[in-house]
Amino acid sequence: MVTPPDSERAAEPGGEDAPDPVHPSDAIYADGPDRDEVEADAERVAEAAAAGAGDAQHADADAPDPAAAAAPDDVIREPEDVEPDTKDGEGGEARRVGPEGETEPMAGGDERPSPKAALVYNPIKADGDALRETLMRLSAEAGWAEPLFYETTVDDLGDDVTRQALEAGADAVLVAGGDGTVRAVSEAMSGSGVRLAIVPSGTGNLLARNLRLPLTEPEAMMRAVFDGDTLAMDIGWSKLQRRNGDTEERAFVVMGGIGLDAAMIANTNPQLKKTVGWVAYVDGAARSLPSAKPFRAMYQLPEARLHSARVQSILFANCGSLPAGLELIPEASVADGALDIVIFQPKGPLGWIFVWRRVAWDNSFLRRFRAGRRVLALRTKDNAVRYSRGSGIEIATQDPRPVQLDGDEFGEAVSVRTRVEPGALLMVVPKNHETDAL
């Protein structure tokens, strides 16, 4: 039997020459330091620690030279000598830095953008001084910026100055004046996303009446700008075509019409209207009715058939209430996305009696009571007044006819194309104002 050399002979288990047990990680760390190298490193660390005290005396050699550190003004600055970048009372606002590194607050840097209101008013129909004073006081109380003020003129009924207010960044616009001023301001406000508040004044205030706003409390409506609610209201648009082919598109918020109603407004004495308000239209009616003659009109609602009829007037309405508590269209809504169409086609003097009965008696009185509504259900219907509803109406006449929008005359037209823009006006209403019936 051949005996292996001593170097290849396995050691006896437990003997003196037995190697350390083989561990699986030895193969991974085969290239690492052995035990002798680790022990040598430990000895060197101990020697360095013992010599640390001796090296301390050489540390000052690495310190900066005080004379060099004090240059260029020979002053050595400690951390507490450096002026802080904010002063007492200053916050974290942006500040301007000058050429020498000095800092000072920028103009307006300590302010935050504040909302601001704008008032558009007719100086003839509204007390401008009182309204300005009240709005400035309420704006200050609410923490708003100083308000903007604009007066209407004969040449600018309010639409141009309202656009100026919107360009100036107004967060809310207040309008004080008659129905014409409200119409013009609403036209400029349509689709702007800025809230509009009506401050009752003037003679008509038909939109304020239809919205059931407080008519005798201007400050209540002004205060609602800061703590009130918002109603998304529809607005109507009418594109008028003249005999020569020219076109013009204007807005209305209450109602417009072509025919007799516009003729009544055109025949109303302007001075009388300024004096007694809507009652002056009686004068216009007295001037217009005797010579009123029906005219042929072609009209069509979207997705409906074309009609041809002899009519006295065709109204397109966003609201249903008239002055003196008369209800022309009891079911009208300012937020239903539709316009109510009323076609007046009375036949002779008796036909006008039917018209008056429908508006002044049926709609304004009987409909308020259950028994009255039963009477109306049993009554034979007449065609003196016809009602329709839709997103608009297109009307064409052979001869030019007068047109009115919210009580203002807009000349004559041979074609009127009317449409509604749902929810385009954000109207301010008092807090918790009842809007379900609007």
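What separates E219 and R223 in helix α8? In the predicted model considered here, the two residues are four positions apart in helix α8, and the separation between them is therefore about one helical turn. Their side chains meet in a salt bridge, with a nitrogen-to-oxygen distance of 3.0 Å. Both partners have an intermediate degree of exposure: E219 is partly exposed because its relative accessibility is 31%, and R223 is likewise partly exposed, with a relative accessible area of 33%.

The contact between E219 and R223 belongs to a wider set of charged pairs. A search of the whole structure finds 16 salt bridges. One of these pairs is formed by the side chains of R250 and D159, for which the nitrogen-to-oxygen distance is 3.7 Å. R250 is located in strand β8 (residues 247–252), whereas D159 is located in helix α5 (residues 159–167), so this salt bridge ties together parts of the structure that are 91 residues apart in sequence. The two partners fall into separate classes of accessibility. R250 has a relative accessibility of 22% and therefore counts as partly exposed. D159 has a relative accessibility of 12% and therefore counts as buried, since the term applies to values under 20%.

Strand β8 also contributes to another long-range pair. The side chains of R419 and E249 meet in a salt bridge with a nitrogen-to-oxygen distance of 3.2 Å. Here R419 belongs to strand β16 and E249 to strand β8, so the pair ties together parts that are 170 residues apart in sequence. At 36% relative accessibility, R419 counts as partly exposed, and E249, with a relative accessible area of 35%, is partly exposed as well. Salt bridges that share partners also produce one network, which joins D159, D160, R163, R183, E187, R242, E248 and R250.

Charged residues also occur together without such pairing. On the surface, D36, E39, E43 and E47 gather in a patch of negative charge. Within this patch, E43 is found in helix α1, which spans residues 35–50. The relative accessibility of E43 is 52%, and E43 therefore counts as exposed, given that this class begins at values over 50%.

A contrasting environment is found at strand β3, which comprises residues 117–121. Five of the five residues of strand β3 are buried, so the strand is largely enclosed by the rest of the structure. The residues point in two directions from the strand: A117, L119 and Y121 point one way, while A118 and V120 point the other way, and all are buried.

Strand β3 is paired with two other strands. Five bridges join β3 to strand β5 (residues 172–176), and these two strands run parallel. Within this pairing, V173 of β5 is the bridge partner of A118. Four bridges join β3 to strand β4 (residues 148–151), again in a parallel arrangement. In this second pairing, L119 stands opposite F149 of β4. The C-alpha atoms of L119 and F149 are separated by 4.9 Å, although the two residues are 30 residues apart along the chain. L119 is buried, whereas F149 is partly exposed, with a relative accessible area of 26%.

Two loop residues, R212 and D406, were examined for their backbone geometry. Phi of R212 is near 55 degrees, a positive value in a residue other than glycine. R212 is placed in the loop between α7 (206–210) and α8 (218–227). With a relative accessibility of 53%, R212 counts as exposed. Phi of D406 is also near 55 degrees, and this positive value again occurs in a residue other than glycine. D406 lies in the loop between β15 (392–405) and β16 (408–429). In terms of accessibility, D406 counts as buried because its relative accessibility is 7%.

Notes: Residues are numbered from 1 along each chain as its sequence is written. This is a predicted model: local features need pLDDT of at least 70, side-chain atom pairs count only at pLDDT 80 or more; totals for chains, interfaces and linings use all residues. Side-chain values use heavy atoms; hydrogens and water are left out. Patches are made of residues with over 30% relative accessible area and no salt bridge: like charges are joined within 9 Å, nonpolar side chains (Val, Leu, Ile, Met, Phe, Trp, Tyr) within 5 Å. Accessible areas come from the Shrake-Rupley method with a 1.4 Å probe; for residues, only the protein chains shown count as cover. A salt bridge is a side-chain nitrogen of Lys or Arg within 4 Å of a carboxyl oxygen of Asp or Glu. Lys and Arg count as positive and Asp and Glu as negative; His and the chain ends are not counted. The place of a charge is taken as NZ of Lys, CZ of Arg, CG of Asp or CD of Glu. Buried means under 20% relative accessible area, exposed over 50%, partly exposed in between (1.4 Å probe, protein chains only). Two strands pair if DSSP finds at least two bridges between them.
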